[in-house]
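Visitor: Could you take me on a close look at the empty spaces inside this protein? I would like to know what surrounds them and how they sit in the fold as a whole.

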Amino acid sequence: MATTEVSLSGPELSSPASSDAAAGDPSSAYAEVRRFTERLTEGLAPEDMVVQSMPDVSPTKWHLAHTSWFFERFVLMEHLPGYTPLHEMYLYLFNSYYHQAGERHCRDQRGYISRPTVAEVMAYRRHVDEAMSRLLERLDELDRSAIEPLVTLGLHHEQQHQELMLTDIKHVFAVNPLRPAYVADPPATPRGSTRPLGWVAFEGGLFEIGHGGDGFAYDNEGPRHRQFLQPFELADRLVTCGEYLEFMEDGGYRRPELWLSLGWATVQEKRWTEPFYWERRDGKWMIFTLAGMREVVPEEPVCHLSYFEADAYARWAGARLPTEAEWEVAAASLPIEGNLVDEGWFHPCAAPDGEGLRQMYGDVWEWTASPYAPYPGFRPAPGAVGEYNGKFMCNQYLLRGGSCATSRSHIRPTYRNFFPPDATWQFTGVRLARDVERREVN
């Protein structure tokens, strides 16, 4: 395959300090999140923004429109007197999965739609932004208690789509024989640690997990509840490309005893022999990144692994994946810092030097062993916005911690991300866990 790179100028990044409209000035929070979305598209040509390279990928143009649709459908149409949608068909074209909000265009056919054009979608965003400005100026005379939570939900929803825009355009560029780069000159990544994997021990006991404090959280993050844990250990950093290469060289993709039954069937069906975006060239392993093709760096976290691959690697390594409760208990007291989208690296970085747990936030979403299921007492919100999370609680696994495409103001220790076990196009990786052996006390 050709390796010519068409370098595009990347955005200068500065994600919103807060996407919680109720935490400060709602108008400023709204403007900052919306502006950041558009900054992520500054290096793209209109032709880049209309491609759908597989059913799970949406065109950039669609993300720009759908995030505007959310505010139009759930905020403006419900709460701004006299609001008129810019185009009635947009309500159909840019709905995603909200059955109670009306009919929807087929997800796997979003790339078929050449009109509205990118310019017309940007005009749609301006139409929605102008109306939202009028609404936010009138909050005190309207129903502030009903509007502000919807605005905050819409902003976090848009931040999710900012991340999807990056992962989706990466796939779009990866299937292009020219292998274009989303960002031509990303900042130099810091030099990471080369220390062997270490372990951090945690005592067992009864813990509380789930969101129960102030600030925004999705409905699936609660209610806060008690969870009993046996003593366990977490690896002090993420699994690296070099360590994963050892698994591959030991026949990892050819050994059915390492895989779940459905995982092994998937390996056979899809002919997996290496992580997604890896290629073997002239005796070297190469990886496609948002900065184009380059050689695999052994010290960097391995990413774009499916749940099946993460689980097989853990079994090969004599360990396991952590449960989501173990991950949250370990992360609860840690600061939210790391290689997030705010840093502008757009790719996982080697673990920094230091003691204790590292890379708990950013770099890659970390697969857990926990199926996506409701917490005890969970009830979805009434109406269409209640379809946001609850109806996906089947055939998915949970991930924690955010990635190099996640905004710092969007992630928190209780955040529950979820994907099917064969998904690979997201920045997903693995942190190992293991049980603490019981020792007899004389």
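Guide: Happy to! Please keep in mind that this is a predicted model. Let's begin with the enclosed spaces: the count comes to two cavities of 30 Å³ or more.

The largest cavity holds about 70 Å³ of space. Its lining is made up of Pro59, Lys61, Trp62, Leu93, Phe94, His105, Arg110, Ile113 and Pro116. Sorted by class, those lining residues are six nonpolar, one polar and two charged. Pro116 deserves a second glance, since the peptide bond that leads to it from Arg115 is cis, with omega near 5°. In the fold, Pro116 belongs to the loop between helix H3 (90-93) and helix H4 (118-137).

The second largest cavity has a volume of about 40 Å³. Around it you will find Leu40, Thr41, Leu44, Thr60, Met165, Leu166, Ile169 and Tyr182. Helix H5 (residues 144-174) provides the largest share of this lining, three residues. Here the classes come out as six nonpolar, two polar and no charged, whereas the lining of the largest cavity includes two charged residues.

H5 also leads us to the open spaces. The largest pocket contains about 980 Å³ of space. It is lined by 39 residues, and the closest to its centre are Arg107, Leu164, Phe418, Phe419 and Trp425. H5 gives the most to this lining, with six residues. Helix H2 (60-79), H5 and strand E12 (417-419) each supply at least two of the lining residues. By class, the pocket lining has 16 nonpolar, 14 polar and nine charged residues.

A general point helps when you look along a helix that borders such a space: an α-helix has 3.6 residues a turn, so residues three or four places apart point the same way.

Now let's follow the chain out of H5, into the loop between H5 and strand E1 (199-202), where Arg179 has its place. Phi of Arg179 is near 50°, a positive value in a residue other than glycine. With a relative accessible area of 4%, Arg179 is buried. Arg191 lies in that loop between H5 and E1 too, but Arg191 counts as exposed, at 82% relative accessibility. Arg191 also has a partner from far along the chain: Ala350 is 159 residues away in sequence, yet the two C-alpha atoms are 7.1 Å apart in space.

Some other backbone details are worth a stop, and a general rule sets them in context: most residues other than glycine have a negative phi, and most peptide bonds are trans. Against that background, the peptide bond from Gly222 to Pro223 is cis, with omega near 0°. Pro223 sits in the loop between strand E2 (205-209) and strand E3 (225-229). Tyr277 is not a glycine either, and still has a positive phi of about 80°. You can find Tyr277 in the loop between H7 and strand E5 (278-281), and at 8% relative accessibility it counts as buried.

H7 takes us on to a helix that it helps to cover. In helix H8 (residues 307-316), eight of the 10 residues are buried, so the helix is largely enclosed by the rest of the structure. The buried ones are Tyr307, Phe308, Glu309, Ala310, Asp311, Ala312, Tyr313 and Ala314. Their cover includes helix H6 (241-249), helix H7 (261-270), strand E10 (365-371) and strand E11 (397-400). Just after H8, Gly318 takes a positive phi of about 75°.

Finally, let's step back to the whole fold. The protein has nine helices and 14 strands. Its radius of gyration is 22 Å, close to the 22 Å that the globule rule gives for 442 residues, so the protein is as compact as a globular protein of that length. Along the principal axes, the C-alpha atoms fill a box of roughly 75 × 60 × 40 Å. Of the 442 residues, 55% are buried. Among contacts with a separation of 6 or more, 79% come from residues 24 or more positions apart. On the outside, the accessible surface comes to about 19200 Å², with 50% of it belonging to carbon and sulfur atoms.

Methods:
Residues numbered from 1 in each chain as written. Predicted model: local features only at pLDDT ≥ 70, side-chain atom pairs only at ≥ 80, totals over all residues. Heavy atoms only, no water. 1 Å grid on protein atoms, 1.4 Å probe; cavity = no way out; pocket = protein on both sides within 12 Å on 5 of 7 lines; lining within 4 Å. Points joined across faces, edges and corners; volume = space filled by probe spheres on them. Nonpolar A, V, L, I, M, F, W, Y, C, P; charged D, E, K, R; others polar. Helix = DSSP H or I, 4+ residues; strand = E, 2+ residues; numbered from the N terminus. Rg over C-alpha atoms; globule rule 2.2 N^0.38 Å. Buried < 20%, exposed > 50% of the residue type's maximum accessible area, 1.4 Å probe, protein only. Contact = heavy atoms within 4.5 Å. Areas by Shrake-Rupley, 256 points an atom, 1.4 Å probe, with all protein chains shown as cover.
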